[in-house]
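Colleague: I should like to go through this model and ask why each label has been given. Please set every value against its cut-off.

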Amino acid sequence: MIILQTGTYRMGNLLCCAQVDQSTVAIKETFGKFDDVLEPGCHFLPWCLGSQIAGYLSLRLQQLDVRCETKTKDNVFVNVVASIQYRALADKASDAFYRLSNTRTQIQAYVFDVIRATVPKLNLDDAFEQKNEIAKAVEDELEKAMSAYGYEIVQTLIVDIEPDEHVKRAMNEINAAARLRVAANEKAEAEKIIQIKRAEGDAESKYLAGLGIARQRQAIVDGLRDSVLGFSVNVPGTSAKDVLDMVLITQYFDTMKEIGATSKSSAVFIPHGPGAVRDVAEQIRDGLLQASAHQQPNLL
């Protein structure tokens with residue numbers, strides 16, 4: 001490709017013609033002095049009259065990636081990567097060709113200057129949040145500087161901010177610790193709610209169990225009262241005490257029957273004679289009488 005272009009250029013010189021490709025301009029000189037900017041196409045160059053092409057200038061959009069190391073306000077060293085998109089202006093092609101010998105180096109110098117003046121004013125977290133502001137500052141400074149040299153700054157992007165590897169690891173650990181703390185708080189709150197609900201359920205269960213026991217006892221008392229009244233009416237000459245003793249004897253034998261029917265019951269030693277039932281009945285009556293005696297002074 002280089003040989004073909006060289007052959008074409010030499011053939012153009014012999015014919016006093018020059019070809020300028022699309023999106024490119026050529027700088028024409030006459031006896032070493034700037035003469036004209038040649039647009040894309042074929043141009044007549046009488047080399048015998050001192051006309052020649054000093055060089056070509058591309059008008060295509062170009063990109064320069066700049067990596068700049070600097071320090072933030074909280075003393076963290078970071079590498080800031082900026083992408084600069086620029087192009088030469090056709091109406092200022094002579095300035096772009098003659099006034100700068102190395103465009104990319106010049107742009108890189110301005111990027112370094114702006115980034116190292118802006119980032120040290122920000123903490124690390126603020127630098128990440130204000131990437132657009134940093135890019136805008138770089139773009140404004142480049143636009144003012146490079147427009148005088150015939151270049152347009154199309155766009156400036158801060159594509160990455162890279163802290164030191166140890167700093168990144170520490171930041172990840174801080175983030176992980178914060179998330180673990182939040183998770184622990186949520187877990188503790190959930191356990192607290194579970195315990196509260198369990199306690200509320202236990203209290204409700206005990207309350208309902210108490211209501212059931214109270215109703216059961218009330219039903220037993222009502223049944224005993226009806227039994228005593230019915231037995232006294234049907235069997236003349238019997239007192240309430242006789243009926244109660246008979247009921248206690250019946251319950252005594254029912255209890256003995258249940259203990260004997262249960263295969264896993266432990267050995268239970270209780271008085272088993274019929275006289276023991278009378279003793280139990282007397283103890284119950286004595287307890288009721290004592291309770292009534294203690295309650296009467298309180299009522300007075």
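Colleague: Why is asparagine 75 called exposed?

Modeller: The relative accessible area of asparagine 75 is 56%. Exposed means over 50%, buried means under 20% and partly exposed lies in between (1.4 Å probe, protein chains only). The value for asparagine 75 is therefore in the exposed class. Please note that the model is predicted: local features need pLDDT of at least 70, side-chain atom pairs count only at pLDDT 80 or more, and totals for chains, interfaces and linings use all residues. Residues are numbered from 1 along each chain as its sequence is written, and side-chain values use heavy atoms, with hydrogens and water left out.

Colleague: Where is asparagine 75 found, and what is noted about its phi?

Modeller: Asparagine 75 is in the loop between β6 (62-71) and β7 (77-88); strands are DSSP runs of E with at least two residues, helices are runs of H or I with at least four, and both are numbered from the N terminus. Its phi is near 60°, a positive value in a residue other than glycine. The loop belongs to the hairpin of β6 and β7, which has five residues between the strands.

Colleague: Which other residue has a positive phi although it is not a glycine, and what makes it partly exposed?

Modeller: Serine 23 has a positive phi of about 60°, and lies in the loop between β1 (17-20) and β2 (24-30). Its relative accessible area is 28%, so serine 23 counts as partly exposed.

Colleague: How do you know that β6 and β7 pair?

Modeller: Two strands pair if DSSP finds at least two bridges between them. Ten bridges join β6 to β7, which run antiparallel, and so the condition is met. Lysine 71 stands opposite phenylalanine 77 in β7. Strand β7 also pairs with β8 (residues 151-163), in the antiparallel sense, over eleven bridges; there serine 83 has leucine 157 as its bridge partner.

Colleague: What makes β7 mostly covered?

Modeller: Nine of the twelve residues of β7 are buried. This strand also gives the most to the largest nonpolar core, with six residues. A nonpolar core is a set of buried Ala, Val, Leu, Ile, Met, Phe, Trp, Tyr and Cys residues joined through side-chain atoms within 4.5 Å.

Colleague: How many residues does the largest core hold, and which touch the most other members?

Modeller: It has 35 residues, of which Ile84, Ile107, Val111, Ile115, Leu142, Met146 and Tyr151 touch the most other members. Among the elements that each supply at least two residues of this core are β2, α3 (103-118) and α5 (131-146). Isoleucine 107 touches Leu64, Ile84, Tyr86, Leu142 and Met146, not counting residues up to four places away in sequence; contact here means heavy atoms within 4.5 Å.

Colleague: Why is the pair of phenylalanine 97 and tyrosine 98 called edge-to-face?

Modeller: Rings of Phe, Tyr and Trp (its six-membered ring) pair if their centres lie within 6.5 Å; planes under 30 degrees apart count as stacked, over 60 as edge-to-face and the rest as tilted. The centres of phenylalanine 97 and tyrosine 98 are 5.0 Å apart and their planes are at 85°, so this pair is edge-to-face.

Colleague: Which three residues form one aromatic cluster, and how exposed are they?

Modeller: The cluster consists of Phe34, Phe97 and Tyr98. With relative accessibilities of 35% for phenylalanine 34, 24% for phenylalanine 97 and 37% for tyrosine 98, each counts as partly exposed.

Colleague: What places arginine 116 over the face of phenylalanine 112?

Modeller: A charge sits over a ring if NZ of Lys or CZ of Arg is within 6 Å of the ring centre and within 35 degrees of the ring normal. Arginine 116 lies over the face of phenylalanine 112, at 4.8 Å from the ring centre.

Colleague: What is the strand order in the open sheet of three strands, and what makes β3 and β5 its edge strands?

Modeller: The order is β3-β2-β5, with antiparallel pairing. Strands β3 and β5 (51-58) are the edge strands: each pairs on one side only. Five bridges join β2 to β3, and isoleucine 27 stands opposite valine 37 in β3.
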